[in-house]
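Visitor: I should like to go through this structure by question and answer. Where might we begin?

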Amino acid sequence: MPSIADFDALENPYRPSPYAGREPVPDGGAVQMAELQAFVGHKFDYYLRKWAPRLTSVDGDVGMNWTAFFLTVIWMGYRKMYRTAMVCIGAAIGLSILIELLFVFAFRTETTPPLVNALFNLMFALVCGLFGNAWYLAHARRKIAAERARGLEGEQLLFALQQRGGTSMLGAFGLVFGPLVILLVLGLVLGVAIALAGDAGM
């Protein structure tokens, strides 16, 4: 396994890779070291250290991602994990609505207690932090496989992976304001529905 010192030479994915011609990441031949480096870009050394156990065993522990814990879907947007982010946002919104309905109609409260909301947000952050590294590795594998399926190889493949991967501040900001707009609209709809239900004597 290459040493962490080798990773410092990987800032430019187009220079001759120190991993070229060497053994792939212990991943059953699924991905090569240079391909992962080209896709991840910034902080590759961090992610490779986290992924090392999973790359050698399907049950390997990838550890906690504290950035994903504190930033959740913002981190996903920054890492261009848009599909994963949308799934998480959709699940969070759906669960939030169910909890709100539970407290309003079952427990007869005006709204969900702040403590319940805080606990829900904490649990959501924990899930993102605990699974973030695994989700990102799965995302990288999918993208690498997709580019290989196009028949790309060599420098063309590395270039395509850099474009598909890396980071995006625009993606991060989009996942900040997009969900807020969605939540605002759903909140208004839910408020109107609750008001109508109250007027109907429910």
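Visitor: In which loop does lysine 80 lie?
Guide: The model is a predicted one. In it, lysine 80 belongs to no helix named here but to a connecting segment, the loop between α4 and α5 (82-106).

Visitor: Which side chain of opposite charge is nearest to lysine 80, and how far away is it?
Guide: Lysine 80 is buried yet has no salt bridge. A salt bridge would require a side-chain nitrogen within 4 Å of a carboxyl oxygen. The nearest side chain of opposite charge is that of glutamate 147, at 11 Å.

Visitor: Which residues is lysine 80 in contact with, leaving aside its neighbours within four places in sequence?
Guide: With those neighbours set aside, one contact of lysine 80 is His139. The others are Gln163, Arg164, Gly165, Gly166, Thr167 and Ser168.

Visitor: Is serine 168 buried or exposed?
Guide: Serine 168 is found in the loop between α7 and α8 (169-199). Its relative accessible area is 15%, and the limit for burial is under 20%. Serine 168 is therefore buried.

Visitor: What distance separates the C-alpha atoms of serine 168 and glycine 77?
Guide: Leaving aside neighbours within four places in sequence, serine 168 is in contact with Gly77, Tyr78, Lys80 and Tyr82. Serine 168 and glycine 77 are 91 residues apart along the chain. Their C-alpha atoms are nevertheless separated by 7.0 Å.

Visitor: For the protein chain, what share of the contacts with a separation of 6 or more comes from residues 24 or more positions apart?
Guide: The protein chain has eight helices and zero strands. Among its contacts with a separation of 6 or more, residues 24 or more positions apart account for 66%.

Visitor: How many of the residues of α1 are buried?
Guide: The buried residues of α1 are Met33, Ala34, Glu35, Leu36, Gln37, Ala38, Phe39 and Val40. They pack against α2, α6 and α7 (154-164). The helix is largely enclosed by the rest of the structure, because the buried count is eight of eight.

Visitor: What is the phi of glycine 41, the residue that follows α1?
Guide: Glycine 41 comes after α1. Its phi is positive, near 70 degrees.

Visitor: Which residues other than glycine have a positive phi?
Guide: Threonine 72, in the loop between α3 (66-71) and α4, has a phi near 45 degrees. This threonine counts as buried, at 14% relative accessibility. Arginine 108, in the loop between α5 and α6, is by contrast exposed, with a relative accessible area of 60%. Those with a positive phi thus include threonine 72 and arginine 108.

Visitor: At which residue does the kink in α2 lie?
Guide: Helix α2 has 13 residues and reaches 17 Å from its first C-alpha to its last, close to the 18 Å expected. Its kink is of about 40 degrees and comes shortly before proline 53. The residue at the kink is lysine 50.

Visitor: What covers the buried residues of α2?
Guide: The residues in question are Phe44, Tyr47, Leu48, Trp51 and Leu55. Residues three or four places apart in an α-helix point the same way, because there are 3.6 residues a turn. The cover over the buried residues of α2 includes α1 (33-40), α4 (73-78) and α6.

Visitor: Is the pair of tyrosine 47 and tyrosine 136 stacked or edge-to-face?
Guide: The count of aromatic pairs comes to 11. In this one, the ring centres are 4.9 Å apart and the planes stand at 75 degrees. An angle over 60 degrees is the criterion for edge-to-face, so the pair of tyrosine 47 and tyrosine 136 is edge-to-face.

Visitor: How many residues apart are tyrosine 47 and tyrosine 136?
Guide: Both tyrosine 47 and tyrosine 136 are buried. Tyrosine 47 is in helix α2 (residues 44-56) and tyrosine 136 in helix α6 (residues 114-149), so that the pair links distant parts of the chain. Their separation is 89 residues.

Visitor: Which member of the pair of phenylalanine 69 and phenylalanine 70 is exposed?
Guide: These two form an edge-to-face aromatic pair, 4.8 Å centre to centre with 85 degrees between the planes. Phenylalanine 69 counts as buried at 15% relative accessibility. With a relative accessible area of 61%, the exposed member is phenylalanine 70.

Conventions:
Residues numbered from 1 in each chain as written. Predicted model: local features only at pLDDT ≥ 70, side-chain atom pairs only at ≥ 80, totals over all residues. Heavy atoms only, no water. Phe/Tyr/Trp six-rings, centres within 6.5 Å; stacked < 30°, edge-to-face > 60°. Helix = DSSP H or I, 4+ residues; strand = E, 2+ residues; numbered from the N terminus. Buried < 20%, exposed > 50% of the residue type's maximum accessible area, 1.4 Å probe, protein only. Expected span 1.5 Å × (residues − 1). Bend = angle between axes of the 7 residues up to and from the residue. Contact = heavy atoms within 4.5 Å. Lys, Arg positive; Asp, Glu negative; His and termini not counted.
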